[in-house]
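Biologist: I would be grateful for a close look at the salt bridges of this protein. Please describe which residues take part, where they lie and how buried or exposed they are.

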Amino acid sequence: LDELTPLQQSWYRTGARAVNGRDFARSVAIRQPSPGHTETTVFNLGRHYSQLRFTIGLWDDSDPALQSKCQVFADQQVIFDSGTMSRGSSAEVVRDVSDAFDVVISCTPTQGVGADGEVVLADARLMAKPGQAPTTTSP
């Protein structure tokens, strides 16, 4: 996923991140700058992929008070809802995206006080359909 160029982004970056004490070399991180402000990133999959896999959690260097909720949509249908996440926990996620043209990642801080940090989709990978290759990659 970190090799695709987003169609729309509010604030995200790629690279190494630690989640729940584990280091991940390739991650998509979505900053959570202020309570209640949703950050959204859209990726075009062009129906070239069959599966999306990632480990989700808050970056270990996030403020301890940060809590966030993240949803992943495939063509406007929710395929994952994290519920409220806190630092020090993570979840392994595998979802079918075989019919998806677009995937949207939408994350919102839910804590009542200001806290800075990032939601991380660690080791986020897309599995290509047989005979399909990605059409959009980052430079």
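Modeller: What follows is an account of the salt bridges, taken pair by pair. The model is a predicted one. Where a side-chain nitrogen of Lys or Arg within 4 Å of a carboxyl oxygen of Asp or Glu is taken as a salt bridge, the count comes to 6 salt bridges.

Consider R17 and E118. These two residues form a salt bridge in which the closest N and O atoms are 2.6 Å apart. R17 belongs to strand β2 (residues 12-19) and E118 to strand β10 (residues 118-128), so the contact ties together parts that are 101 residues apart in sequence. Both R17 and E118 are buried. The pair also belongs to a network of salt bridges that links R13, R17 and E118.

A second pair is made by E92 and R22, whose side chains meet in a salt bridge at 3.2 Å, N to O. This pair, too, links distant parts of the chain: E92 is in strand β8 (residues 90-96), R22 is in strand β3 (residues 22-31), and 70 residues separate them. As for their surroundings, E92 counts as exposed because its relative accessibility is 57%, the cut-off for that class being over 50%. R22 has a relative accessibility of 43% and therefore counts as partly exposed.

Strand β3 also contributes R31, which is paired with D116 across distant parts of the chain. The closest N and O atoms of the salt bridge between D116 and R31 are 3.2 Å apart. D116 is found in the loop between β9 (102-109) and β10, and it stands 85 residues from R31 in sequence. With a relative accessible area of 31%, D116 is partly exposed. R31, at 30% relative accessibility, likewise counts as partly exposed.

Taken together, these three pairs can be set out by burial. R17 and E118 are buried. E92 is exposed, while R22, its partner, is partly exposed. In the remaining pair described here, D116 is partly exposed, and R31 is partly exposed as well.

One further long-range relation may be added, apart from the salt bridges. T41 lies in strand β4 (residues 39-44), and its relative accessibility of 0% is why T41 counts as buried. T41 and C107 are 66 residues apart in sequence, yet their C-alpha atoms are 9.0 Å apart in space.

Key: Residues numbered from 1 in each chain as written. Predicted model: local features only at pLDDT ≥ 70, side-chain atom pairs only at ≥ 80, totals over all residues. Heavy atoms only, no water. Helix = DSSP H or I, 4+ residues; strand = E, 2+ residues; numbered from the N terminus. Buried < 20%, exposed > 50% of the residue type's maximum accessible area, 1.4 Å probe, protein only.
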